[in-house]
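Reader: Before we begin, could you take me through this model slowly, setting each value beside the definition that gives it its name?

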Number of protein chains: 2
Amino acid sequence: MAFSRCGSVSFFILAIFFAVLTNQAFSSRVSSFIELPGITHDVESHSSIAAYCDSWRLAVETNNAGSWKVVPTKCVNSVATYYDVGQFDNDYDVVARYAIAFAKTIKLGGDGKDAWVFDIDETLLSNLAYYSAHGYGSEPYNSVAFNEWVVEGTAPGFGASLRLFKALKKLGFKIILLTGRDEDQRSITVSNLHDAGYSGWEHLLLRGHEDQGKAAVQYKSEQRAKMVKLGFKLHGNTGDQWSDLEGFAVADRSFKVPNPLYYIP
Amino acid sequence: MAFSRCGSVSFFILAIFFAVLTNQAFSSRVSSFIELPGITHDVESHSSIAAYCDSWRLAVETNNAGSWKVVPTKCVNSVATYYDVGQFDNDYDVVARYAIAFAKTIKLGGDGKDAWVFDIDETLLSNLAYYSAHGYGSEPYNSVAFNEWVVEGTAPGFGASLRLFKALKKLGFKIILLTGRDEDQRSITVSNLHDAGYSGWEHLLLRGHEDQGKAAVQYKSEQRAKMVKLGFKLHGNTGDQWSDLEGFAVADRSFKVPNPLYYIP
């Protein structure tokens with residue numbers, strides 16, 4: 001009786017134990033692959049949805065996807081996880097390190113005209129709190145709701161962008177901020193940037209009346225061209241959208257910050 | 001006594017059970033995160049090396065990394081796994097699907113001048129067999145050994161590139177092949193392409209004597225410009241290197257095929 005009870009307890013525990021193991025095996029695509037240091041996660045558990053969503057995200061980041069409206073429904077969890085597990089932070093950290101390494105190779109002219117361009121939203125300031133409350137990019141853009149969030153002025157900076165921003169200033173670069181935000185959001189943008197830890201930029205360029213309705217790539221190219229006309233040498237440009245980086249008057253090196261939440265043409 | 005033995009058996013089984021759970025927790029960066037369908041793998045097992053190597057690969061694919069010589073030693077296993085588990089194939093499949101979707105939006109002129117450009121190595125033909133035998137990109141480029149491999153003429157095509165190539169031909173696009181291979185490798189290249197399943201291209205452009213020593217981006221831009229001069233409209237361009245896609249006479253849309261094995265300036 002005692003042995004029988006003991007056996008059933010053991011059996012119950014073993015059942016749980018094997019249930020855990022079986023669950024692990026089901027989440028594995030290539031269960032027979034030999035585990036090697038540092039690659040275990042790739043091998044064990046790439047479900048087809050996760051694999052597709054990784055491919056989708058790569059297509060977005062390389063601009064292969066071109067114009068897109070919302071995050072595919074099946075990739076919403078994957079996008080949320082991308083931020084939650086810190087992979088976005090890892091990715092941005094590597095971008096920032098490449099940018100700083102490049103910046104250190106530049107011999108500055110000493111005339112105060114060596115410049116670096118930054119976009120603001122999703123480049124210096126994170127609106128993840130807004131997007132996590134609005135379906136992680138799966139809902140169409142809502143300008144009213146988003147602008148209500150913007151005027152709160154509570155968007156935090158990214159660790160990587162703060163490091164990059166400060167490193168560039170220390171190296172002697174002039175910082176040009178170029179945003180798709182409207183001119184009437186200047187003061188809240190300035191206070192938000194200060195609160196997030198940014199200061200000492202040279203120019204903060206926002207959309208004026210004459211820029212309304214212009215595609216981002218046109219507006220941003222025109223603004224960069226104006227800076228070039230003022231004598232600035234645009235060594236680097238950091239933005240989360242390809243429309244921050246392409247067009248004309250492009251910088252010598254462009255650094256694409258990951259953003260799987262939305263696309264701006 | 002019986003109870004005591006039973007307790008110790010149960011304790012032993014429980015100890016194994018918790019060891020498994022603990023091991024899982026150690027391999028997890030965010031152990032408190034709720035598991036959702038399709039994202040389990042991201043949560044459970046991103047080791048710091050794997051996370052770094054994912055970030056490195058993204059930096060390479062977005063051209064944030066700029067010029068690089070060899071795959072970082074700690075990412076060799078990660079690159080091998082990227083191919084072994086089929087994530088490269090998934091990624092290329094998504095690229096090809098975006099390219100075909102774009103191609104289908106184009107209204108062809110009916111003059112036989114609507115064209116699509118393809119690079120060859122790592123775009124139409126896979127040299128993975130060579131690179132897997134040479135450290136997965138961790139060894140510096142060895143032109144002698146690589147050319148010995150090229151003249152074997154046994155490089156297979158990619159599933160995704162074959163689908164894209166055939167879909168474009170069927171839609172009526174003229175195919176222009178533009179490769180960094182030398183003119184004296186024309187015949188082996190043609191037979192390798194045929195063996196791999198490609199046929200019916202309009203032009204196969206290889207480096208002539210006058211192109212020796214030119215940077216890829218210059219050589220390829222000049223060749224594309226010649227095609228434009230011949231009246232071709234370059235709607236799309238597919239290549240695994242940014243130097244296949246940038247420069248002048250660029251196509252309307254460029255499609256970057258993933259390649260974490262090597263970089264051509």
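**Two helices and their surroundings**

Author: A good place to start is a pair of helices in chain A, where A:Y92, A:D93, A:A96, A:A99, A:I100, A:A103 and A:K104 of α5(A) meet A:A160, A:S161, A:R163, A:L164, A:A167, A:L168 and A:L171 of α8(A); contact here means heavy atoms within 4.5 Å. By class, this contact has ten nonpolar, one polar and three charged residues, where Ala, Val, Leu, Ile, Met, Phe, Trp, Tyr, Cys and Pro count as nonpolar, Asp, Glu, Lys and Arg as charged, and the others, Gly among them, as polar. This is a predicted model, in which local features need pLDDT of at least 70 and side-chain atom pairs count only at pLDDT 80 or more, while totals for chains, interfaces and linings use all residues. Residues are numbered from 1 along each chain as its sequence is written, chains are lettered from A and ligands numbered from 1 in the order in which they are written, and side-chain values use heavy atoms, with hydrogens and water left out.

Reader: Why is α5(A) called roughly parallel to α8(A)?

Author: The two axes come within 9 Å and cross at roughly 10 degrees, the axes being lines fitted to C-alpha atoms, for helices over the stretch in contact, with angles from 0 to 180 degrees between N-to-C directions. Angles under 35 degrees count as roughly parallel, over 145 as roughly antiparallel, 65 to 115 as roughly perpendicular and the rest as oblique, and therefore α5(A) is roughly parallel to α8(A).

Reader: Which residues of α8(A) are buried, and what covers them?

Author: The buried residues are A:A160, A:S161, A:L162, A:L164, A:F165 and A:L168, where buried means under 20% relative accessible area, exposed over 50% and partly exposed in between, with a 1.4 Å probe and protein chains only. Their cover includes α5, β1, β2, α9 and β4 of chain A.

Reader: How do you know that the span of α10(A) agrees with what is expected?

Author: The expected span is 1.5 Å times one less than the number of residues. For the 14 residues of α10(A) this gives 20 Å, and because the end C-alpha atoms are 20 Å apart, the two agree. The buried residues of α10(A) pack against β2, β3, β4 and α11 of chain A, and just after the helix A:G231 takes a positive phi of about 105 degrees.

Reader: What makes the phi of A:A249 worth a remark?

Author: Most residues other than glycine have a negative phi. A:A249 is not a glycine, yet has a positive phi of about 50 degrees, and its place is in the loop between α11 and β5 of chain A. With a relative accessible area of 24%, A:A249 is partly exposed.

Reader: Is B:N63 buried or exposed?

Author: B:N63 has a relative accessible area of 17% and is therefore buried; this residue also has a positive phi, of about 70 degrees, although it is not a glycine.

Reader: Which element of chain A has the lowest mean pLDDT?

Author: Helix α1, residues 2–26, has the lowest mean, 40, and β1(A) the highest, 99, on the scale from 0 to 100 that gives the predictor's confidence in each residue. Over residues 1–45 the pLDDT is below 50, whereas chain A averages 87, with 83% of the residues at 70 or more.

Terms used. Helix = DSSP H or I, 4+ residues; strand = E, 2+ residues; numbered from the N terminus.
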